[in-house]
Amino acid sequence: MTDGIPAAPGTEGWFHDGPESFTLLASRCTSCGSLSFPPRRISGCPDPDCEGLDSEPAPLSTSGTLWSYTDARYAPPLPYPRPPGAEFVPYTLAAVELAAEQMVILGQVAPDVPTDALRVGAAMELVPGTLTSSEGVAERVWNWRPSSTSTPAAPAATPPAASEGATR
């Protein structure tokens with residue numbers, strides 16, 4: 001990592017944090033091109049119709065369209081990482097559709113973005129994020145935020161759960 005913040009445990013190899021860019025890394029089947037995120041740690045293609053065994057890292061798009069989001073206003077139970085004595089801070093989760101890859105990637109919304117600033121169909125961009133472990137150690141993750149360089153996309157199809165009020 002360029003800033004010295006290590007990847008959160010279990011996410012090693014899921015992203016590249018270089019001096020020029022921050023990108024998520026999928027694994028791409030070398031036989032058929034199928035993508036898998038998070039990257040597969042075992043051999044074999046995620047496509048059941050493909051017999052390929054090998055994969056290679058593949059950077060994903062760094063922008064997409066907000067497909068759905070929800071705010072988490074309750075403190076998750078242990079083993080949710082939180083430094084001792086730290087108060088729970090609500091956070092927002094986003095499902096962002098990457099058009100080029102035709103896949104949806106989940107991640108937290110950057111903590112400085114209020115939930116009411118989000119709209120389904122809005123253009124989003126990937127940015128580095130930081131979590132603090134229960135030991136108080138900063139750990140690298142990814143966040144989504146409304147795009148600063150493009151206009152919002154046309155609204156995406158509303159997922160069934162959104163019409164039931166489960167998500168926004």
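Here is a short walk through the structure, stop by stop.

**Before you click**

This is a predicted model, in which local features need pLDDT of at least 70, side-chain atom pairs count only at pLDDT 80 or more, and totals for chains, interfaces and linings use all residues. Residues are numbered from 1 along each chain as its sequence is written, and side-chain values use heavy atoms, with hydrogens and water left out.

**The whole chain**

Start with a cartoon view: you'll find one helix and nine strands. Helices (H or I, at least four residues) and strands (E, at least two) are DSSP runs, numbered from the N terminus. Going from the N terminus, the order is β-β-β-β-β-β-β-β-β-α.

Now switch on the surface, which exposes about 9700 Å², with 54% supplied by carbon and sulfur atoms. Accessible areas come from the Shrake-Rupley method with a 1.4 Å probe, and for residues only the protein chains shown count as cover. Of the 168 residues, 40% are buried. Buried means under 20% relative accessible area, exposed over 50%, and partly exposed in between (1.4 Å probe, protein chains only).

**Stop 1: the largest pocket**

Select Tyr80, Val89, Tyr91, Gln108 and Leu131; of the 31 residues lining the largest pocket, these lie nearest its centre. The space in this pocket is about 790 Å³. On a 1 Å grid over the protein atoms alone, a pocket is an open set of points where a 1.4 Å probe fits, with protein on both sides within 12 Å along at least five of seven lines, whereas a cavity is a set the probe cannot get out of; lining residues have an atom within 4 Å of a point. Grid points are joined across faces, edges and corners, and the volume is the space filled by probe spheres set on them.

Which strand gives the largest share of the lining? Color β7 to see: four lining residues come from it. β6 (91–98), β8 (123–132) and β9 (138–146) each supply at least two.

**Stop 2: a nonpolar patch**

Stay with β7 (residues 103–109) and pick valine 104. Valine 104 counts as partly exposed because its relative accessibility is 38%. Add Trp67 and Leu106, and you have a nonpolar surface patch with about 270 Å² of accessible area together. Patches use residues with over 30% relative accessible area and no salt bridge; like charges are joined within 9 Å, nonpolar side chains (Val, Leu, Ile, Met, Phe, Trp, Tyr) within 5 Å.

**Stop 3: salt bridges**

Side chains of opposite charge can pair when their charged atoms come close. A salt bridge here is a side-chain nitrogen of Lys or Arg within 4 Å of a carboxyl oxygen of Asp or Glu, and the count comes to three.

- Arginine 140 and aspartate 17: 3.2 Å, N to O. This pair joins strand β9 to strand β1 (residues 15–17), 123 residues apart. Arginine 140 is buried at 4% relative accessibility, and aspartate 17 is buried at 11%.
- Aspartate 71 and arginine 73: closest N and O atoms 2.7 Å apart. Arginine 73 is exposed, at 59%.
- Aspartate 112 and arginine 145: closest N and O atoms 3.1 Å apart. Aspartate 112 sits in the loop between β7 and β8, and arginine 145 in β9, 33 residues away along the chain.

**Stop 4: two loops**

Finally, select serine 34, in the loop between β2 (22–29) and β3 (35–36). Is serine 34 buried or exposed? Serine 34 is buried, at 19% relative accessibility.

Then jump to alanine 86, in the loop between β5 (63–72) and β6. The C-alpha atoms of alanine 86 and serine 134 are 9.2 Å apart, with their positions 48 residues apart along the chain.
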